[in-house]
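This briefing describes the strand pairing, the burial and the aromatic contacts of one protein model. The points are grouped by topic and are meant to be read beside the coordinates.

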Amino acid sequence: MIRTADRKGNIKEEDSFQNNLLEKIYGSVAGRMMIRPLVNPAVSIAMGKFLDSRISAAAVEPFIRLNHLDMSDYEKRKYTSYNDFFKRKIRKDARRIDMEPGHFISPCDCRASVYPVDEKARLHIKQTEYTVEELLRNPSLGKRYQGGYVWVLRLCVQDYHRYIYPDNAAESRRIRIPGILHTVNPVANDACPIYKENSREYSLLKTENFRTVLMMEVGALFVGKIENRPRRASVKRGEEKGNFAFGGSTIVLITEKNAVKPDEDILKNSQAGMETRVLMGEKIGESF
């Protein structure tokens, strides 16, 4: 069972059919063997082609009803495919982007967790130990982020799947790491080191207020593509960086030591094994 909290401290237990099914699959050897063919990127590419087809648009209205989506936040238009709906754009002013320079904001609607990186660049996400070097496949970057924080921002299928830059910044070239595509549901992370196995792409943001922030998009089950906009040398806080195709997905931010102080509620919830529900543009930390 997944527990989440809102910013007022209200806790919600999510005992959905999807979560229960994934617990059974990832909680047994037989289940993990069964799911193995589905995490291959080729399967996600094939699924993506179907979800780009006009026939897939028939699934839009049932999905809205099943997930009780409030569509008033989104632009009113007819969707030509399921992926067209999934990548829908929010209407102007539906999200408030906090522009206070010292406020560290979430780049997306998500369930947020934050984890300290120790002086050997190790961290624990749920029950799985990682190193920053494993996440990035880059030893020198692992050293840079010793003593900082890793922010895991998980998007569910019902969330808004576009994301923004968290601050004014100069962006480095982007590094793409090929991999497989496990679900990013927390139950999978207890069984598989998903953040060092899944396909992902990252760049370094030399920000105005938070030193150098690493921003990484992580693909997930049935997500064939991470659709980032063309890179520009200079970007602005609140500008759209990209979107995910169908499926739950994750953005990982890594901040340097003494660069960002996480908000107390998100830090405490993470220590208690709970995610915190936040919206794109909402404050999740502040500069030291």
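Strand S3 (residues 103-105) and strand S19 (residues 283-287) run antiparallel and are joined by three bridges. The model that shows this pairing is a predicted one. Its protein chain holds 10 helices and 19 strands, and 54% of the 288 residues are buried. Among contacts with a separation of 6 or more, 74% are between residues 24 or more positions apart.

**Pairing around S19**

- Within the pairing of S3 and S19, Ile 105 has Lys 283 as its bridge partner.
- S19 also pairs with strand S17 (residues 260-262), in the antiparallel sense and over three bridges.
- On the S17 side, Val 260 has Ser 287 of S19 as its bridge partner.

**The open sheet S8-S15-S13**

- Three strands make up an open sheet with antiparallel pairing, in the order S8-S15-S13.
- Strand S8 (162-164) and strand S13 (226-228) each have a single partner strand, so each stands at an edge with one side lacking a neighbour in the sheet.
- From one strand to the next, the twist averages 25°.
- Three bridges hold the antiparallel pair of S13 and strand S15 (residues 240-244).
- Asn 228 has Gly 242 of S15 as its bridge partner.
- As general background, the strands of a sheet pair through backbone hydrogen bonds, in either a parallel or an antiparallel arrangement.

**Strand S12 and its partners**

- Seven of the seven residues in strand S12 (residues 212-218) are buried.
- The side chains divide between two directions: Thr 212, Leu 214, Met 216 and Val 218 point one way, Val 213, Met 215 and Glu 217 point the other way, and all are buried.
- Strand S11 (residues 200-207) pairs with S12 in the antiparallel sense over seven bridges; in that pairing, Leu 204 has Leu 214 of S12 as its bridge partner.
- Four residues lie between the strands in the hairpin of S11 and S12, where Arg 211 takes a positive phi near 55°.
- S12 is also joined to strand S16 (residues 249-255) by five bridges, and the two run antiparallel.
- Val 218 has Thr 250 of S16 as its bridge partner.

**Asn 168 in its loop**

- Asn 168 belongs to the loop between S8 and strand S9 (169-171).
- Is Asn 168 buried or exposed? Its relative accessibility is 19%, and the limit for burial is under 20%, so Asn 168 counts as buried.
- A polar atom of the Asn 168 side chain lies 2.8 Å from the backbone nitrogen of Arg 237.
- Beyond its neighbours within four places in sequence, Asn 168 contacts Lys 206, Thr 207, Glu 208, Val 235, Lys 236 and Arg 237.

**Aromatic pairs**

- The whole structure contains 10 aromatic pairs.
- One of these is the tilted pair of Tyr 74 and Tyr 160, with 5.9 Å centre to centre and 50° between the planes.
- This pair links distant parts of the chain, 86 residues apart: Tyr 74 is in the loop between helix H4 (60-66) and helix H5 (82-86), and Tyr 160 is in the loop between strand S7 (149-155) and S8.
- Tyr 74 is buried at a relative accessible area of 7%, and Tyr 160 is buried at 3%.
- How is the pair of Tyr 82 and Phe 86 arranged? The ring centres are 6.4 Å apart and the planes lie at 25°, so the pair is stacked.
- Tyr 82 and Phe 86 are four residues apart in helix H5, so about one helical turn separates them.
- Tyr 82 and Phe 86 are both buried.
- A cluster linked by ring pairs consists of Phe 63, Tyr 79, Tyr 82, Phe 85 and Phe 86.

**Arg 88 over two rings**

- Arg 88 places its charged end over the ring of Tyr 74, at 4.4 Å from the ring centre.
- Arg 88 also lies over the face of Phe 85, 4.4 Å from the centre of that ring.
- Tyr 74 is thus a point where two kinds of contact meet: the ring pairs with Tyr 160 and has the charged end of Arg 88 over it.

Technical notes: Residues are numbered from 1 along each chain as its sequence is written. This is a predicted model: local features need pLDDT of at least 70, side-chain atom pairs count only at pLDDT 80 or more; totals for chains, interfaces and linings use all residues. Side-chain values use heavy atoms; hydrogens and water are left out. Two strands pair if DSSP finds at least two bridges between them. Axes are lines fitted to C-alpha atoms, for helices over the stretch in contact, and angles run from 0 to 180 degrees between N-to-C directions. Buried means under 20% relative accessible area, exposed over 50%, partly exposed in between (1.4 Å probe, protein chains only). A polar contact is a pair of N or O atoms within 3.5 Å; within protein, one must be able to donate a hydrogen and the other to accept it, and residues adjacent in sequence count only if both atoms are side-chain atoms. Contact means heavy atoms within 4.5 Å. Rings of Phe, Tyr and Trp (its six-membered ring) pair if their centres lie within 6.5 Å; planes under 30 degrees apart count as stacked, over 60 as edge-to-face and the rest as tilted. A charge sits over a ring if NZ of Lys or CZ of Arg is within 6 Å of the ring centre and within 35 degrees of the ring normal.
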